[in-house]
2 protein chains.
Amino acid sequence: MTDGSDDIQALIALMARLPGLGPRSARRVVLQLIRRRGGQMAQLAALMERVAQNSRECLTCGNITDRDTCAICTDPARATGEICVVEDVADLWALERAGAFRGRYHVLGGTLSALDEIGPEDLGIPALIDRIARDRISEVILALNATVEGQTTAHYIADALEGSGIAITGLAQGVPIGGELDYLDDGTISAALRARRRI
Amino acid sequence: MTDGSDDIQALIALMARLPGLGPRSARRVVLQLIRRRGGQMAQLAALMERVAQNSRECLTCGNITDRDTCAICTDPARATGEICVVEDVADLWALERAGAFRGRYHVLGGTLSALDEIGPEDLGIPALIDRIARDRISEVILALNATVEGQTTAHYIADALEGSGIAITGLAQGVPIGGELDYLDDGTISAALRARRRI
């Protein structure tokens with residue numbers, strides 16, 4: 001009550017549950033929004049309502065879209081024979097920002113995990129294998145995170161596709177562009193050394 | 001377009017302008033909201049719209065409220081003779097959380113600044129002085145931040161109230177509770193030493 005109205009308190013509590021925000025930053029955000037209540041806050045509220053109503057997952061690849069099939073899956077300029085498998089929509093966005101891939105995607109929505117009881121069906125891996133069989137795919141790029149979970153999931157998919165004659169590839173591991181050896185972890189240095197190439 | 005629909009892009013751009021969020025964290029927040037679009041996002045949108053429509057500044061003290069006069073200014077249990085002057089509503093909330101003050105507030109909405117051309121009128125200081133003359137105030141606590149700007153503003157208000165017979169006080173400066181000398185800045189240590197007291 002003393003912290004403004006109940007609605008403001010509820011708004012702060014809801015904001016504080018967003019990733020990267022805590023109670024203090026949620027209070028700062030809400031105070032700024034209240035200061036700009038006619039502009040920024042009204043705009044945010046309207047946009048959120050529209051996005052909440054219109055967003056859904058692309059029926060083909062799992063990307064977020066406001067149609068049944070996303071802009072990437074319906075773009076005739078993009079190669080249909082290459083599928084890039086990613087864990088999350090955020091990873092798809094990162095690859096699109098890099099602009100280096102001109103094929104199609106498949107979003108798993110997570111990684112295999114015995115502990116959390118996430119199996120191949122939960123990640124739509126059977127659907128991916130169906131899609132690969134149906135669509136005449138020549139290459140599947142497993143762009144999963146370089147974590148234990150990501151690599152376990154990549155190996156599972158590679159095993160499931162063995163014998164299909166499709167090229168299964170993964171992202172190269174090594175020193176990031178601009179990376180300084182002194183600041184890199186041992187695993188990255190070892191991987192970069194093992195995968196060394198002629199200049 | 002590749003990052004989801006235009007609405008999603010606009011939502012990310014708007015979120016990225018909130019204090020404490022940047023483009024990367026705005027993307028993470030929006031992705032989580034889209035995952036919880038039926039629950040968290042719809043709730044947030046509705047609350048924001050209500051808060052944007054109903055919030056305003058208390059006509060007496062400047063606190064944020066959904067009525068003309070805030071809950072603190074209308075609370076008969078709170079002392080009318082003590083006014084605590086703060087820079088910002090966030091500071092008022094911090095004092096209320098501490099629960100140590102049972103009087104009324106006055107929110108300046110900033111500090112005096114010759115550089116940014118913020119004068120006493122912009123901060124409602126004449127209104128504060130009127131209010132003090134009208135309301136039979138016995139003590140004005142200048143709870144401004146311990147920054148150069150905060151202390152300049154405090155001195156200006158103290159000067160303006162000189163000769164009124166009202167007690168003008170400021171927050172004590174010293175070692176914070178739980179503070180370790182080794183981690184404190186020199187200014188705080190000097191201030192705590194100058195203001196030392198018998199135990």
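**Exercise 1. Find how many salt bridges the rule gives across the interface of chain B and chain A, and place examples.**

Step 1. The rule finds 4 salt bridges across this interface. A salt bridge is a side-chain nitrogen of Lys or Arg within 4 Å of a carboxyl oxygen of Asp or Glu. This is a predicted model: local features need pLDDT of at least 70, side-chain atom pairs count only at pLDDT 80 or more, and totals for chains, interfaces and linings use all residues. Residues are numbered from 1 along each chain as its sequence is written, chains are lettered from A in the order in which they are written, and side-chain values use heavy atoms, without hydrogens and water.

Step 2. Take Arg50(A). Its side chain meets that of Asp7(B) in a salt bridge, 2.9 Å from N to O.

Step 3. Take Arg35(A). It forms a salt bridge with Asp88(B), with the closest N and O atoms 3.0 Å apart. This pair crosses between chains: Arg35(A) sits in helix H2 (residues 23-35) of chain A, and Asp88(B) in the loop between strand S3 (82-86) and H4 of chain B. Helices (H or I, at least four residues) and strands (E, at least two) are DSSP runs, numbered from the N terminus.

Step 4. Widen the search. The whole structure holds 12 salt bridges over all chains.

Step 5. Add a pair within chain A. The side chains of Arg56(A) and Asp68(A) meet in a salt bridge at 3.0 Å, N to O. The two residues are 12 residues apart: Arg56(A) lies in strand S1 (residues 56-57), Asp68(A) in the loop between strand S2 (64-65) and strand S3 (82-86).

**Exercise 2. Describe the area and the contacts that chain B and chain A share.**

Step 1. Count contacts, meaning heavy atoms within 4.5 Å. 54 residues of chain B are in contact with 54 residues of chain A.

Step 2. Take the buried area, the accessible area (1.4 Å probe) that two parts lose on being put together, summed over both. The chains bury about 5,200 Å² between them, 69% of it on carbon and sulfur atoms. In chain B, Pro19(B), Met48(B) and Trp93(B) lose the most area to chain A, together 14% of what that side buries.

**Exercise 3. State which operation lays chain B on chain A.**

Step 1. Superpose by least squares on the C-alpha atoms of residues with pLDDT of at least 70 in both copies. A turn of 180° and a shift of 0.0 Å along the axis give an RMSD of 0.1 Å. The two copies are thus related as by a two-fold rotation axis.

Step 2. Locate the axis. Of the residues of chain B, Ala45(B) comes closest to the rotation axis, at 2.2 Å (C-alpha).

Step 3. Compare the surfaces. The same surface serves both copies, as 100% of the contact residues of chain B recur in chain A.
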